[in-house]
Structure formats: structure tokens, C-alpha cells
Amino acid sequence: MKAWQEKLADFAVCITAGMLLATGGMMMSIGHQQVKITTQVESITEKLDALTENMKTLDVRVRELEIQR
């Protein structure tokens, strides 16, 4: 193999390795974002559950007040 072919092959290997590292980094970043989104969705769901319970409690109180009238 000629010297320039060896250098070209080394360059191709370096480029490929760099691309693989970049892809892995992007996948990790996307995974981290998915975890953050999942956590936020869980938090919103918990808050909606709490609001639903509060609405039920308020409904019961309103009915009690209507009965007292």
C-alpha cells in the first residue's frame, strides 16, 4: 500500500470513529431529554390527580351547603 493510501485509510478511520462518538453523544442527550420529559409528565399527572381530588372535595362541600339552606 502506498503511503498516501495508508494516510487516507487512517483519516477514514478517524472520521468514522468521530462520527460514532458524536452519534453516541447525541443518543445520550436524547435519552436525558426523554427522562426529563417523563419526569415532567409524571409531575403534571400527580398535580391533575390532586386537582381532581380537590374538585371532589369542593363538590361535596357545595352539596352540604345547599342541603343546609
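What follows is a walk through the overall form, the surface and the charged contacts of a predicted model.

The big picture is pretty simple. In this predicted model, the secondary structure of the chain comes down to one helix and zero strands. The radius of gyration is 30 Å, while the globule rule gives 11 Å for 69 residues, so the chain is more spread out than a compact globule. The box that holds the C-alpha atoms tells a similar story: along the principal axes, it comes to roughly 100 × 10 × 10 Å. That one helix is H1, and it covers residues 3–68.

Distances between chosen pairs of residues help to put this form into numbers. Met27 and Val60 are 33 residues apart along the chain, and 50 Å separates their C-alpha atoms. For Ala50 and Leu8, which are 42 residues apart along the chain, the C-alpha separation is 63 Å. Met27 and Ala50 can both be found in helix H1.

Next comes the question of cover. How much of the chain counts as buried? Of the 69 residues, the share is 0%. To count as buried, a residue needs a relative accessible area under 20%, and a few examples show how things look on the other side of that cut-off. Met27 has a relative accessible area of 58%, so Met27 is exposed, since the cut-off for that label is over 50%. Ala50 comes in at 38%, so the label here is partly exposed. In total, the chain exposes about 6700 Å², and 66% of that area is supplied by carbon and sulfur atoms.

Part of the surface stands out as a nonpolar patch. Its members are Trp4, Leu8, Phe11, Ile15 and Met19, and together they have about 580 Å² of accessible area. Take Ile15 as one of them: this residue lies in helix H1 and is partly exposed, with a relative accessible area of 41%. Leu8, also a patch member, is the residue already met as the partner of Ala50 in the 63 Å distance.

Now for the charges. The chain carries 8 positive and 9 negative charges, and their mean positions are 6 Å apart. How many salt bridges turn up in a search of the whole structure? The search finds two.

One salt bridge pairs Lys56 with Glu53, and their closest N and O atoms are 3.7 Å apart. Why can these two meet? Lys56 and Glu53 sit three residues apart in helix H1, so about one helical turn separates them. On the surface side, Glu53 is partly exposed, at a relative accessible area of 45%.

The other salt bridge joins Arg63 and Asp59, with the closest N and O atoms 3.2 Å apart. Here the spacing in helix H1 is four residues, so Arg63 and Asp59 are again separated by about one helical turn. The two partners carry their own accessibility labels. Arg63 counts as exposed because its relative accessibility is 52%, whereas Asp59, at 35%, counts as partly exposed.

Conventions:
Residues numbered from 1 in each chain as written. Predicted model: local features only at pLDDT ≥ 70, side-chain atom pairs only at ≥ 80, totals over all residues. Heavy atoms only, no water. Patch = residues over 30% accessible without salt bridge, like charges linked within 9 Å, V, L, I, M, F, W, Y side chains within 5 Å. Areas by Shrake-Rupley, 256 points an atom, 1.4 Å probe, with all protein chains shown as cover. Salt bridge = Lys/Arg side-chain N within 4 Å of Asp/Glu carboxyl O. Buried < 20%, exposed > 50% of the residue type's maximum accessible area, 1.4 Å probe, protein only. Rg over C-alpha atoms; globule rule 2.2 N^0.38 Å. Lys, Arg positive; Asp, Glu negative; His and termini not counted. Charge placed at Lys NZ, Arg CZ, Asp CG, Glu CD.
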